[in-house]
Amino acid sequence: MPSFQLSVLSQSPKNNGQGHTPTLRHNLQTRHLNVLSCLAFKMQSPDFRLSVNTLLRNGILPTNGDLQAQTEALASQLKQDSVVEEIFAGRGVIHFRVSRNLLVQKVLEQLCQERHKFGVKSELFDGLKKGTTVVEFSSPNIAKKFHAGHLRSTIIGNFIANLKESLGNNVIRVNYLGDWGMQFGLLGAGFQLFGCQEKLKKNPLQHLFDVYVQVNKEAENNEVIGQAAREFFRQLEQQEHQALLLWKQFREITVEEYQQVYKRLGVHFDIYSGESFHQQQAQEVVQQLQRRGLLKTTEKGTGVVDLSSAGDMSSYSTVLRSDGTSLYITRDLAAAIDRKERYNFDEMIYVTDKSQGIHFQQLFQILLAMGHSWAERCQHVPFGLVQGMKTRLGEVVFLEDVLDEARARMFRNMSQSKTTKEMVYPEDTAEKVGISALIVQDFKGPLGSDYKFDWDRILQAQGDTGVFLQYTHARLCSLIHRYGDGEEGAFDPSLLLDQRSISILQHLLRYDEVLYQSVQDLQPKHLVNFLMTLSHLAASAHRELPVKGSPQAVAQARLRLFSGVCTVLANGMKILGITPVEKM
């Protein structure tokens with residue numbers, strides 16, 4: 001049996017109330033069974049039961065062999081692992097007991113050796129294809145201040161990109177800006193009527209917002225403005241110099257402003273793309289649809305693609321206006337084809353709200369009809385709405401207001417707390433912790449669900465909150481800075497056989513399982529729940545397993561345990577998009 005590796009076991013559907021019956025993920029003919037991973041589940045004793053029938057049912061073991069012979073062969077494999085102390089093979093069932101001493105030693109040795117790679121080097125991920133992943137997320141509209149409604153797409157997309165990257169994928173982060181369409185005809189015409197370059201320099205996005213509101217109001221009762229908007233957009237489509245110059249100014253100003261918001265969130269992009277990049281290619285897509293006989297013209301003169309299975313137009317997608325200009329989906333088709341040619345991605349993930357579900361179904365369906373089989377590896381990750389997100393000034397509109405409010409509230413809470421440490425930049429820490437609170441609140445449940453926003457609940461110092469997560473990490477950092485991490489020299493594993501220590505080690509062994517589950521469904525809730533449980537376990541251990549005043553050997557062993565917990569907390573938080581703080 002090889003040296004210790006992480007879990008290759010998963011939870012079975014049955015649970016007897018005392019723990020979980022594990023089942024192997026990997027084919028035992030090609031992979032070794034790691035007994036230690038059984039301890040990834042909360043069990044009250046080191047005795048475990050492995051069901052061979054479950055392995056057969058899940059197709060992990062071949063079904064054409066004799067059950068008893070397979071059971072004995074598997075038990076023989078288990079006996080080779082040095083952690084197994086006792087083993088008994090019944091018919092289709094294996095019972096075994098492991099050495100806690102070796103469990104403690106090997107888990108902490110692996111944590112010490114792998115550090116930031118702990119969990120991600122597990123055999124669980126050997127079967128996952130690693131390649132190029134394109135993640136399109138955030139994607140706000142230009143010429144407007146960053147609306148709070150784009151927060152979810154931004155942090156969810158960042159999590160998915162971080163997760164894929166941590167597991168070895170080459171990730172390309174794309175911000176596909178809404179920078180084309182008739183609304184820019186309205187804005188351009190409005191700026192020519194009501195705009196001011198001086199005001200644009202002083203407060204660019206606020207001025208553009210004011211102009212857009214004013215021109216919309218005027219257009220309701222003035223058809224001339226509507227005509228001017230259509231004319232300005234026609235000029236953009238025709239690449240006329242003056243219209244294009246003004247539009248480029250709007251775009252550059254917006255990206256500069258947005259980058260400041262992304263910096264606060266700890267989010268970056270490899271590419272700032274947009275609909276405008278693909279408006280010429282959109283016409284080529286239309287021509288390809290025509291050549292393939294997929295484009296049909298309606299009585300109104302619009303171009304559509306029939307998506308019905310019976311070919312009766314009961315379901316279709318409009319890809320061309322009657323005046324020949326492109327639509328959002330046409331430009332999305334062009335963007336997808338261009339990205340495949342440019343990056344040769346293995347998968348592409350779009351992160352938007354759930355209202356766009358039909359749009360992406362149609363997008364992937366049209367791509368497949370055009371002969372692009374890679375569209376099967378494109379995925380839409382939908383999310384629900386946030387209800388009741390307000391600041392003290394009332395209904396929130398801009399994301400900056402939310403971030404400012406989170407920082408201010410957290411700074412006030414920290415100022416009033418008796419345990420707050422002295423910091424060089426307390427407002428910076430307050431911002432990081434406030435953003436952590438926003439992220440954890442967002443990630444606790446299924447992404448597709450709506451949830452109600454509550455400032456008081458998300459900023460609580462206790463409970464399953466981002467504040468508690470950061471506090472636990474900071475407290476462990478403080479302990480390590482004061483006494484060291486316990487990693488120098490040998491340590492005695494027999495000094496960590498108490499139930500608190502074993503519970504933490506059992507939980508740490510689940511880390512790779514949690515990452516595996518997260519990458520399967522792209523839901524951050526698994527990782528959030530894991531880190532929250534780890535924080536609660538660590539908080540209890542911190543109270544009950546003191547370092548100060550303990551014999552040196554005991555203190556050394558406990559410091560190594562706390563250092564391992566601190567490392568995993570920081571690693572997991574970074575994947576979620578949270579910047580760990582070391583003081584608060």
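Me: How many helices and strands are there in the protein?

Reply: The protein contains 20 helices and 17 strands. The model is a predicted one. Its C-alpha trace spans about 85 × 65 × 35 Å along the principal axes. Of its 584 residues, 54% count as buried, and about 26300 Å² is exposed, with carbon and sulfur atoms supplying 46% of that area.

Me: What share of the contacts between residues at least 6 apart in sequence join residues at least 24 apart?

Reply: The share is 73%. A pair enters this count when heavy atoms lie within 4.5 Å.

Me: Why are helices H16 and H19 called oblique to each other?

Reply: Helix H16 (residues 466–483) and helix H19 (residues 525–544) pack at an angle of about 45 degrees, with 10 Å between their axes. Angles under 35 degrees count as roughly parallel, and 65 to 115 as roughly perpendicular. The value for this pair falls in neither range, so H16 and H19 are oblique. Their crossing is left-handed.

Me: Which residues make the contact between H16 and H19?

Reply: On the H16 side they are Gly466, Phe468, Leu469, Thr472, Arg475, Leu476 and Leu479. H19 contributes Leu531, Met532, Ser535, His536, Ala538, Ala539 and His542. By class, this contact comprises eight nonpolar residues, five polar and one charged. Gly466 belongs to H16's part of the contact, and glycine is counted as polar.

Me: What makes the arrangement of H17 and H19 roughly antiparallel?

Reply: Helix H17 (residues 499–508) packs against H19 at an angle of about 160 degrees, with the axes 10 Å apart. Angles over 145 degrees count as roughly antiparallel, and H17 and H19 are therefore described in that way. H17 passes H19 in a left-handed crossing.

Me: Which residues of H17 and H19 meet?

Reply: Arg500, Ser503, Ile504, His507 and Leu508 of H17 meet Phe530, Thr533, Leu534, Leu537, Ala538, Ser540, Ala541 and Glu544 of H19. Seven of the residues in this contact are nonpolar, four are polar and two are charged. Ala538 appears in the H19 part here, and Ala538 also belongs to the contact with H16.

Me: How do you know whether Ile458 is buried or exposed?

Reply: Ile458 lies in helix H15 (residues 455–458). Its relative accessible area is 1%. Buried means under 20%, so Ile458 is classed as buried. Leaving aside neighbours within four places in sequence, Ile458 is in contact with Ala437, Leu438, Gln441, Phe453, Thr465 and Val467. The C-alpha atoms of Ile458 and Ala406 are separated by 9.7 Å, although the two residues are 52 apart along the chain.

Me: What makes the phi of Arg115 worth remarking?

Reply: Most residues other than glycine have a negative phi. Arg115 is not a glycine, yet has a positive phi of about 50 degrees. Arg115 is placed in the loop between helix H3 (100–114) and strand E6 (132–136).

Me: Why is Arg115 called partly exposed?

Reply: The relative accessible area of Arg115 is 27%. Buried requires under 20% and exposed over 50%; Arg115 meets neither condition, so the term is partly exposed.

Me: How do you know whether Asn344 is buried or exposed?

Reply: Asn344 has a relative accessible area of 52%. The cut-off for exposed is over 50%, and Asn344 is therefore exposed. Asn344 is located in the loop between helix H11 (328–343) and strand E12 (347–353). Asn344 is not a glycine, and its phi is positive, at about 45 degrees.

Technical notes:
Residues numbered from 1 in each chain as written. Predicted model: local features only at pLDDT ≥ 70, side-chain atom pairs only at ≥ 80, totals over all residues. Heavy atoms only, no water. Axes fitted to C-alpha atoms, helices over the stretch in contact; angles between N-to-C directions. Helix = DSSP H or I, 4+ residues; strand = E, 2+ residues; numbered from the N terminus. Left-handed = near helix turned anticlockwise from the far one by under 90°. Buried < 20%, exposed > 50% of the residue type's maximum accessible area, 1.4 Å probe, protein only. Areas by Shrake-Rupley, 256 points an atom, 1.4 Å probe, with all protein chains shown as cover.
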